[in-house]
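Thanks for making the time this morning. I would like to walk you through one model, starting from a single residue and working outwards.

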Amino acid sequence: MSQWIPIAAADECPPGTAIERLADGRMVAIANVGGTYHAIDGLCPHQGGPLGTGSLCGTVLTCPWHGWQFDVATGRHLVSATVRQAVYEVREEDGRLFVRPSPHGHAAGRTE
Ligand code: FES
């Protein structure tokens with residue numbers, strides 16, 4: 001997945017919320033942190049929980065299954081430095097959100 005892929009309407013993910021969507025066969029968790037969008041791998045590395053349906057507090061997304069927490073800006077697990085989700089670039093255009101893998105694999109959330 002190297003091209004921008006349409007993934008959702010922007011109004012499906014208002015500030016302070018997260019959603020999950022498929023992009024090119026991969027589950028992606030999209031989070032809106034105060035108007036800035038972030039996207040990370042949506043499959044929790046613990047037992048495959050749906051991160052995009054978890055709760056968002058600031059940049060911290062909590063898995064709904066057992067509570068693992070990730071920073072959506074970096075993909076990093078809050079406790080274990082060795083656990084890190086892939087991060088996707090996100091852009092908004094004409095009310096739609098598009099994602100693609102970050103070339104550097106780190107924070108890439110932004111609004112446009
Ligand atoms: S599956 Fe996410 S914390 Fe267990």
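**From one alanine outwards**

Let me begin with Ala 39, which, once residues up to four places away in sequence are set aside, touches Val 28, Ala 29, Ile 30, Tyr 88, Val 90 and Val 99. Please keep in mind throughout that this is a predicted model.

One of those contacts is also a pairing in the sheet, since the bridge partner of Ala 39 in β8 is Tyr 88. The strands concerned, β4 and β8, the latter covering residues 87-93, run antiparallel and are joined by two bridges.

Ala 39 also matters for the next topic, the nonpolar core. The largest such core has 29 residues, and within it Ala 29, Ile 30, Ala 39 and Val 99 touch the most other members. Two or more residues are given to this core by each of β1, β2, β3, β4, β8 and β9, and the largest share, five residues, comes from β3. As a general remark, nonpolar side chains tend to be buried together in soluble globular proteins.

Now to the sheet itself. How many strands does it have, and in what order do they stand? It is an open sheet of six strands, ordered β1-β9-β8-β4-β3-β2, and the pairing is antiparallel. At the edges we find β1, residues 5-9, and β2, residues 18-23, and because each of them has a single partner strand, one side of each is left without a neighbour in the sheet. On average, and ignoring direction, neighbouring strands of this sheet are turned by 35 degrees against each other.

Within that order, β8 and β9 deserve a moment. Strand β9 takes in residues 96-101, runs antiparallel to β8, and is joined to β8 by six bridges; as one example of the register, Glu 89 stands opposite Arg 100. The two strands form a hairpin with two residues between them, where Asp 94 takes a positive phi near 50 degrees.

Let me return to β4 and step off its end. Gly 42 lies in the loop that connects β4, residues 36-41, with β5, residues 55-57. Is this loop glycine buried or exposed? Gly 42 has 27 other C-beta atoms within 10 Å, and since 20 or more is the cut-off, Gly 42 counts as buried. Leaving out residues up to four places away in sequence, Gly 42 touches Glu 20, Met 27, Val 28, Ala 29, Pro 50, Leu 51 and Gly 52. With Val 28, which is 14 residues away along the chain, the C-alpha separation is 4.1 Å. Val 28 and Ala 29 are also among the residues that Ala 39 touches.

Beyond that loop there is another sheet, again open, with three strands in the order β5-β6-β7 and antiparallel pairing. Its edge strands are β5 and β7, residues 69-71, each of which pairs on one side only, and its neighbouring strands are turned by 25 degrees against each other on average, direction ignored. Three bridges join β5 to the antiparallel strand β6, residues 60-62, with Cys 57 standing opposite Val 60.

To close with the whole chain: there are nine strands and zero helices. Of the 112 residues, 38% count as buried, and among contacts between residues at least 6 apart in sequence, 39% join residues at least 24 apart.

Note on methods: Residues numbered from 1 in each chain as written. Predicted model: local features only at pLDDT ≥ 70, side-chain atom pairs only at ≥ 80, totals over all residues. Helix = DSSP H or I, 4+ residues; strand = E, 2+ residues; numbered from the N terminus. Buried ≥ 20, exposed ≤ 12 C-beta atoms within 10 Å, placed from the backbone. Contact = placed C-beta atoms within 7 Å. Pairing = 2+ DSSP bridges. Axes fitted to C-alpha atoms, helices over the stretch in contact; angles between N-to-C directions. Core = buried A, V, L, I, M, F, W, Y, C linked by C-beta atoms within 7 Å.
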